[in-house]
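Student: I would like to work through this model one region at a time. Could we start with a single loop residue and go outward from there?

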Amino acid sequence: MIRQRLWQRFIAHLDPTLLASLGILLLISLVVLYSASDGNWYRVLTHMTNILVACTALWVGANTPLHYLMRVAVPIYLLGLALLIAVGFFGEIANGARRWLNVGVTTIQPAELMRIAVPLMMAWYFEKCQVTLTLKNYCFAALLLLLPVTLIARQPDLGTAIMIAASGLYVLFLAGISWRIMLAIFVTFMASLPLVWSTLHDYQRHRIMMLIDPSQDALGRGYHTIQSTIAIGSGGIFGKGYLNGTQTHLDFLPERTTDFIFAVYSEEFGLIGNLVLLSLYLFVISRSFIITTHASTYFTRLMAGSITLTFCTYIFVNIGMVSGILPVVGVPLPLISYGGTSMVILLLCFGILMGIHKNKRIVQT
Amino acid sequence: MKYPIELKNDKQDIYYFKLRLALCFGFVFLLFFILLIRLLYLQGIQKNHYQTLAEGNRISIVPITPNRGLILDRRGLVLAHNYPAYTLEITPNKVSNLSATIDELSKLVDIRPADRKNFARLMADSFRAESLSIRNHLTDTEVARFSAQRYRFPGVEVKARLFREYPHHEKFSHLIGYIGRINKSELEQLEEDELSNDYRGSGYIGKTGIEKNYENDLHGKAGIKRVEVDAGGREVRVLSNTPPTSGNNLILTIDAQLQEVAEQSFGNFRGALVAIDPTNGEILAFVSKPGYDPNLFIDGIDEQNWRDLNDSPDVPLNNRALRGQYSPGSTIKPFMALAGLHYNKRSPSYSIKDPGHFSLSGSAHRYRDWKKDGHGTVDLFKSIVVSCDTYYYGLANELGIDNIFNFFSRFGFGKKTGIDMEGEVSGLMPSQEWKRKRHNQQWYAGDTISVGIGQGYDLVTPLQLAYATAILANDGVAYRPHLLKEVQSVRVNERRFPKMDIEFNLNLNQDHLKLVKSAMVGVTQPGGTAARAGVGAPYTFAGKTGTAQVIGMKQGEHYIERKVQERYRDHAWFIAFAPADQPKIAMAVLVENGGHGSSVAAPIARKVLDHFLLNKAPQSAPAMHEAKGGAND
């Protein structure tokens, strides 16, 4: 009896529908990773550990009281900002970018923390000033967003910067910023594109150029896109079969356990597999939208909306880049790609989403 | 109070929020639709295109170069063989920045400017996307150093290749020739002959000599291997394999030891020697001095060496035995004598009184004998032994150019012998018709007289003269001179021999032949012009000296060897066969600027005959290792 009660309390804040669909996707990720890593069990076990840690984060997220979440928004944001600045000074350089911070036991990517800290901070800010929202508030919120985005873009890590910018813009949009201001921002953005272009790193420009014509440098920068497109296309309708992808297993696919894992999946499971995957994603997204509409407070609505839309953006940008319709930016495929930090943050977000759902009535009353 | 305002705002807010959320959901749906369209396009519509690309990534077709056949002498001594060595090769279309890659490579492996130049030339000449060598003959250290850094150089590989080598360098150069890189015109020829598939990946072809003439036998057929490769170009597994067909080994009629003796006997002289077995046409020695090192040509000769060879006054690249054309001088006297007997212009017993010169009736011009005071009473036998010019002036005049032309043509003068080596020239046997065509002049009686002692328009190659001597030695029965004795197929252990039928039989009068031959024996006996060369020979040998003038002498002028610059000295000839009664070898020796045939050319012939008939090795026996069978490696 007591044990049953404990269990019920344990799972009380979890959303079974969302949890089940996430579980299926994570299972798929294990299966694909085994193939992508050429049967490397060590990789698979590490990934399982990551998933376990991430599930804990999910549970923590789901069981964190919302007022507590609001209370930690500012400290987390400030911590994240401090770490980002620290990275700028003491970060470790890998692949020409300064992204990692050695904190003794492990290396962390502060930018990943910002993925949750930025929407949290902005949602908190709008909640605080919701009574008297003026243009000034929107401007300050935009500043809260621009600061970390600029720091991350300078690392350089264009992919994460874009994704965090997107998550913040969703908050701004859902917070009710007027269409006129959005239009103004859009026009300003378009006008400042040449300026942005001039501040981009050479490799970032190259990647954008590659999208326009990948074959002009088939063995250089365009190689990634060309090989992943071949992998997807050659998978055909039914795929080449599990563990039989030639592009994957003969090393033609780069980054195939992380950013390009979708090509591995596509090559081996074909169009049918892709339909299954996209349906699962769409299911998760739909469920998240439902949760968002039911969210009770301004803060939770903004938070849930931002999490859901950012999730969608990750999927679109990743599959778009792997299938050659978007430039190559370092964005993982959510729930499938190998990588601990992003997995933990993602499931933490879903945990928060579940918590929001369970708390809808509590707050409403 | 704020309360009612807030409530109103809240409701409105929620409405606007849901509106915006619905907009977002619609937008997300649109994005997913875009992805779906893209995936449908890639995996449905363009499926075949991308599957082809994936196969192209995966499967690599590797040509396997066949082993080129060996070239051996009649005893099995290797004259041309292959040895394995490491090369550093670049596949240009797998390398993005070629010059930067080569710069990086040069830090590991010694790459000289000449290598770069060579590589650039290969690039220009290369007709397929194949790997091209940037450095040949890597040392073990260099191979190790590159292998450790290999991952840095996609598209660059160390390959073990077989290289052609001519172990005897200059010695057989004009005979064996050499191979070299296939050039554009040769490639077109191969494509025309539908042989280009056999040459996939080999890149070398015979350029001169035996290497060129028996290219089809030596080269073999390329094999093809389909392999699965990974992105780094490493072979993962073999999908199918068609092994190459090795080229056939050639066994030549050449006796390398004999050739060695002949080459040594020349000393520093330039010249040529061709020795033929008269009973079957096999060429036993084929010398052209000076030679060159054929190894220099295999991978393209460098400029310095090319200039040295090409500008040398000794013309080492000229195959004198095959392509050198010289006046035959007195060596044609035995054939003239046979013609005289044949056309009944002379009988064996007919003799003349030689005053030391000859004049045509009604002309004051004196055709001088080489001996100022003449040879006294001279019959046919003596005319050959002492090489009496006056006798042959008269004989030529009586025979007339038409008879001479007909008779000499039957011995092969003025025609290619048909030897199995490309580039042979035909020499010249003049006729009335020829002179009309060539010089637009009529034939004068004086022209015939010059031809009678081999100083006229007539020109012969050493090969031709050796061939004619062989026909004479073999009593008028001719075998086509040839260099190939046997073709050995390594794979099926099959042996093939060229046809050795009688080419033609002149059906000469045996008494005439006997007389002329005995006179030629007399040449090497005391009293003969080559008596010194014949001293102490334990076999009878027949010969005839000859001298080909390099510069003409004016009437009344005398040729004094000492006074003439070396380059303008006469060429010395000697033809010989032995043993006289049953000839096993016939030859022609030419020594450029050697002066009289008796003093330089005849001793060379004697040394060669001694070696061949007595197997008396020369004093400084060359250390030649015997080849171990017909091993193809």
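Tutor: Yes; bear in mind that the model is predicted. Leu506(B) sits in the loop between strand S20 (504–505) and helix H19 (510–523) of chain B.

Student: Is Leu506(B) buried, partly exposed or exposed?

Tutor: A buried residue needs 20 or more other C-beta atoms within 10 Å, and an exposed one has 12 or fewer. Leu506(B) has 18 C-beta neighbours inside 10 Å, so it counts as partly exposed.

Student: Which residues is Leu506(B) in contact with, leaving aside neighbours within four places in sequence?

Tutor: One of them is Ile471(B), which is 35 residues away in sequence, with 8.7 Å from C-alpha to C-alpha. Contact is judged on C-beta atoms, with a limit of 7 Å. With that criterion the contacts of Leu506(B) are Arg410(B), Ile471(B) and Gly476(B).

Student: Ile471(B) belongs to H18(B). How many of the residues of H18(B) are buried?

Tutor: Helix H18 of chain B covers residues 462–473. Its buried residues include Pro462(B), Leu465(B), Tyr467(B), Ile471(B) and Ala473(B). The helix is mostly covered, and the buried count is 12 of 12.

Student: How far apart are the end C-alpha atoms of helix H18 of chain B?

Tutor: The expected span is 1.5 Å times one less than the number of residues. For the 12 residues of this helix that should give 16 Å, and the model agrees: the end C-alpha atoms are 16 Å apart.

Student: Which elements do the buried residues of H18(B) pack against, and which residue just after the helix takes a positive phi?

Tutor: The packing partners are strand S11 (271–276), helix H12 (320–323), helix H13 (333–342), strand S17 (477–478), strand S22 (571–578) and strand S23 (585–591), in chain B. The positive phi, about 55°, comes just after H18(B), at Asp475(B).

Student: Which residues touch the most other members of the largest nonpolar core?

Tutor: That core holds 127 residues. Helix H15 (residues 389–410) of chain B gives the most to it, with 11 residues. The two residues that touch the most other members are Val274(B) and Met587(B).

Student: Where does this core lie with respect to domain 1 and domain 2 of chain B?

Tutor: Domain 1 is 60–252, and domain 2 is 256–310 + 325–614. Both give residues to the core, so it lies between them.

Student: Which residues of H18(B) does Val274(B) touch?

Tutor: Not counting residues up to four places away in sequence, the contacts of Val274(B) include Ile283(B), Phe286(B), Met587(B) and Ala588(B). Its list also has Pro462(B), Leu463(B) and Ala466(B). These belong to H18(B), so the names asked for are Pro462(B), Leu463(B) and Ala466(B).

Student: Turning to chain A, in what order do the strands of its open sheet stand?

Tutor: Strand S1 (residues 92–94) is joined to strand S2 (residues 97–102) by three antiparallel bridges. S2(A) in turn pairs with strand S3 (residues 107–108) over two bridges, also antiparallel. S1 and S3 each have a single partner strand, so one side of each is left without a neighbour in the sheet. The order is S1-S2-S3.

Student: Which residue takes a positive phi in the hairpin of S2(A) and S3(A)?

Tutor: Asn102(A) stands opposite Thr107(A) in S3(A). The hairpin has four residues between its strands, and the positive phi, near 90°, belongs to Gly104(A).

Student: Is H14(A) largely enclosed by the rest of the structure or left open?

Tutor: Helix H14 of chain A covers residues 340–358, and its end C-alpha atoms are 27 Å apart, in agreement with the expected span. Of its 19 residues, 16 are buried, so H14(A) is largely enclosed.

Student: Finally, which helix gives the largest share of the side of chain A that touches chain B?

Tutor: The contact takes 37 residues from chain A and 35 from chain B. Helices H7 (158–174), H10 (223–235), H11 (246–249), H12 (261–294) and H13 (298–322) of chain A each supply at least two residues of that side of chain A. Its residues divide into 19 nonpolar, 16 polar and two charged. The largest share, nine residues, comes from H12(A).

Methods:
Residues numbered from 1 in each chain as written. Chains lettered and ligands numbered in written order. Predicted model: local features only at pLDDT ≥ 70, side-chain atom pairs only at ≥ 80, totals over all residues. Core = buried A, V, L, I, M, F, W, Y, C linked by C-beta atoms within 7 Å. Domains from an automatic or database assignment. Contact = placed C-beta atoms within 7 Å. Nonpolar A, V, L, I, M, F, W, Y, C, P; charged D, E, K, R; others polar. Pairing = 2+ DSSP bridges.
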